[in-house]
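Hi,

Here is the structure I promised to pass on. Have a look at it first, and then read my notes below.

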Amino acid sequence: MNERLKNYQFENERLKNQLNFLIEVDKMKTVLRQTVLIDKSRQETDAEHSWHFALSAVTLFEYCILEQVDLNHVIKMALVHDLIEIYAGDTFAFDVKGNEDKAEREQKAADKLFTLLPKEQGEAFRTLWEEFEAMETPEALYAAAIDRFQPFLSNSVTDGHTWVKFGVRLEQVYKRMEPVKITAPILYEYVETVIADALAKGYIHNTPACPASE
């Protein structure tokens, strides 16, 4: 329980737990990602990414070809999907070593975070997070596509910032953007255009993987 919240007398235990959760997840505003803001002034935070992801999901929904996708459900996933990173930290998509224990770190973080809420609400939030991670439902597939498209869009207008910084290869980008190809072919046309331009400018490398790094 947050120390300052303890100073207040609550008869409503449910509300106390919900407020404590909201105070705790404020930490998301301090978790930095490798993606930079469009003006390149600094790295974006997890909170900023989640907001941009949710807004992108609404703005680009007309391009989703999957049937019966509940956009409201997608937005809920966008808001919840990275909450566990306040404990687990952000793991860069192309960080091979960092991704080795990502699942374990995030499961432990989920165990800690979602139990702060009233039981049924915490379980509902965790279910949303697990659904997003599994990428099996139409909503999760569309959410995954937009979650990956958001930093891709940033790279497209920041001279391939993270691609250049981490020496990302062509095959890695194509693999990462596969959900976009499946769920929104028109958006994928933009993806292919950007990749071709980035390859020509040397932002992405068309070289084979090093066995020691994969």
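Before we start, one term: two residues are in contact, or touch, when they have heavy atoms within 4.5 Å of each other. With that in hand, take R33. Leaving aside residues up to four places away in sequence, R33 touches Q43, E44, T45, D46, H49, D82, D90, Q150 and P151. R33 belongs to strand β1, which covers residues 32-36. Is R33 buried or exposed? The cut-off for buried is under 20% relative accessible area, and R33 has 9%, so it counts as buried. One of its neighbours, E44, also shares a polar contact with R33: the two side chains are joined at 2.7 Å.

Keep in mind that this is a predicted model. The mean pLDDT of the protein chain is 93, and 93% of its residues reach 70 or more. Be careful with residues 210-214, though: pLDDT stays under 50 there, and the model has 5 contacts beyond four places in sequence for this stretch.

Next, helix α6, which runs over residues 119-134. Here is a little check you can follow yourself. The helix has 16 residues, and at 1.5 Å a residue it should span 22 Å. (The rule multiplies 1.5 Å by one less than the number of residues.) The C-alpha atoms at its ends are 22 Å apart, so the model agrees with the expected span.

Which residues of α6 are buried? They are G122, R126, L128, W129, E131 and F132. These buried residues pack against four helices: α2 (46-59), α3 (71-80), α5 (102-113) and α7 (138-157). Right after α6 comes M135, with a positive phi near 55 degrees.

Now for the largest pocket. It holds about 630 Å³ of space. Its lining is made up of 30 residues, and T91, A93, D147, R148 and R176 lie nearest its centre. Elements giving two or more residues to that lining are β1, α5, α6, α7, α8 (161-166) and α9 (170-176). Which of them gives the most? That is α7, with 6 residues.

One last residue to find is Q172, in helix α9. Q172 has a relative accessible area of 14%, so it is buried too. Try locating Q172 and A93 together: they are 79 residues apart along the chain, yet their C-alpha atoms are separated by 9.5 Å.

Have fun exploring!

Conventions
Residues are numbered from 1 along each chain as its sequence is written. This is a predicted model: local features need pLDDT of at least 70, side-chain atom pairs count only at pLDDT 80 or more; totals for chains, interfaces and linings use all residues. Side-chain values use heavy atoms; hydrogens and water are left out. pLDDT is the predictor's confidence in each residue, from 0 to 100. Buried means under 20% relative accessible area, exposed over 50%, partly exposed in between (1.4 Å probe, protein chains only). A polar contact is a pair of N or O atoms within 3.5 Å; within protein, one must be able to donate a hydrogen and the other to accept it, and residues adjacent in sequence count only if both atoms are side-chain atoms. On a 1 Å grid over the protein atoms alone, a cavity is a set of points where a 1.4 Å probe fits but cannot get out, and a pocket is an open set with protein on both sides within 12 Å along at least five of seven lines; lining residues have an atom within 4 Å of a point. Grid points are joined across faces, edges and corners, and a volume is the space filled by probe spheres set on the points.
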